[in-house]
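Biologist: Could you take me through one part of this model up close? I'd like the small sheet first, and then whatever surrounds the ligand.

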Amino acid sequence: MTITYALIQMLEKVAEKTDRARIITKAEVFKLILNGKAVVGCEYRKAGAVHKEFGPVIFASGGFGADFGSDSLLAQYRPDLLHLPTTNGEHCTGDAIKMGEAIGATTTDLEWVQVHPTGLVKPDDPDAKVKFLAAEALRGVGGLVLDANGKRFANELGRRDYVTGEMWKSKPPFRLCLNKAAADEIIWHAKHYTGRGVMKFYESGAALAKDMGVPLQTLVDTHQAHYDAAKKTEKDPDGGKWPAYPSGKSWDEASGKTGSGKKFYHNVIDGSKVATEPFYVAIITPVIHYCMGGLECTVLGECITKAGVIPGLYVAGEAAGGIHGNNRLGGNSLLDCVVFGRVSGKAAVKYTFGAGDKFRLCPTPLELKELVK
Ligand SMILES: Cc1cc2nc3c(=O)[nH]c(=O)nc-3n(C[C@H](O)[C@H](O)[C@H](O)COP(=O)(O)OP(=O)(O)OC[C@H]3O[C@@H](n4cnc5c(N)ncnc54)[C@H](O)[C@@H]3O)c2cc1C
């Protein structure tokens, strides 16, 4: 996906400047090649033909958040999520896990699949299986999440699993509403989503209430209660009666009742402004987003069986399991990709060339040394 393009630029440079790397595109790896217990290569399909490539293999094929078939990993481990849409591209079918399992590699945490609260619903295509994701920042700048009745029901700044959990208990459709100050802070996103048809601009809160089919007074009351909680927090941060997230006390009843009360407020408006306030609003829905589980591996990214390390097989990125516990925090996947991409790459090089470059047939070219410094 585009988001990881920057991460493979180094590989592109190596491929351009040396003959040490080749990038093969439009190819589907489907099988590992074994020599005894060691992985010595893989088979792949390209343009209808089957090819083989030899050497250690590092799986970096992503998660299984779009593996929806009847014999899919989601069907096996999280059948309860099969009906949900996904933010994942169609390549996310857990191929590494399946190929690894075929040679006895162990997996971990496959049942831990993250469901993100803010998949964007396109009103003219509400059942689309793949959804755009609303960036976390939309809630960070002060976006409020309302239920079908125009009421808040959660701490918008809570963890993904928490907000999603509260959505299951509340009445859809859910709306993410940004008032003018909030939208202005992130206007590029707001305009981008609006252009894509997954967000709508309302000239006033009155127009929004009409479209939602709720009394304007409900939106006024919702904003006033949120505003009051913000002002009380300013004066007396820990004086509220509700348990707050991540700690302390909250004045916010709507989220406080969930046990994860809101403590931080941004771009709040009082109820009197709502009728004439412009809003950017998106309909949101829980959406499959990330697989915490995957192939089990060592700290060097080596895949393992119950008997120990599989020589020549490594994993990095979302295909690997166990890095993020049962709930990955936003932003940490790309960090994981960089760290374990490097770790597994170095381990594979060491494995190939042996300790002290014992098996290296020719010296490393200077330009490659410069690149990997
Ligand atoms: C919409 C969206 C927004 C996100 N935003 C963030 C963010 O802001 N911060 C963050 O940290 N994380 C974010 N994530 C999560 C993060 O992007 C992914 O977890 C990460 O891209 C996984 O990287 P990867 O290299 O493991 O797999 P991927 O990026 O999924 O890449 C896997 C590659 O392997 C290829 N492939 C798959 N199977 C095969 C096969 N059999 N043969 C050959 N090739 C194959 C695919 O075509 C693809 O090119 C986001 C995810 C999504 C969907």
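Modeller: Strand β2, residues 38-46, pairs with β3 in the antiparallel sense, over six bridges. Keep in mind that this is a predicted model. To find your place along that pairing, look for Glu43, which sits opposite Lys52 of β3. Zoom out a little and you get an open sheet of three strands, ordered β1-β2-β3 and paired antiparallel. β1 (27-35) and β3 (49-54) are the edge strands, and each has a single partner, so one side of each has no neighbour in the sheet. From one strand to the next, the twist averages 30°.

Now for the ligand. β1 turns up again here: along with β13 (279-291) and α11 (332-353), it supplies at least two residues of the surrounding shell. The largest share, four residues, comes from α11. There are 24 residues around the ligand, and the ones that come nearest are Val29, His91, Asp95, Glu318 and Ser333. By character, the shell splits into nine nonpolar, eleven polar and four charged residues.

As for polar contacts, the side chain of His91 places an N or O atom 2.8 Å from an oxygen atom of the ligand. The backbone joins in too: a polar backbone atom of Gly331 is 2.9 Å from a ligand oxygen, and a backbone N or O atom of Leu334 also lies 2.9 Å from an oxygen atom of the ligand. Taken alone, the ligand would expose 1,000 Å², and the protein buries 76% of that.

Notes. Residues numbered from 1 in each chain as written. Predicted model: local features only at pLDDT ≥ 70, side-chain atom pairs only at ≥ 80, totals over all residues. Heavy atoms only, no water. Pairing = 2+ DSSP bridges. Axes fitted to C-alpha atoms, helices over the stretch in contact; angles between N-to-C directions. Near = heavy atom within 4 Å. Polar contact = N/O pair within 3.5 Å; in protein donor to acceptor, adjacent residues only side chain to side chain. Areas by Shrake-Rupley, 256 points an atom, 1.4 Å probe, with all protein chains shown as cover. Nonpolar A, V, L, I, M, F, W, Y, C, P; charged D, E, K, R; others polar.
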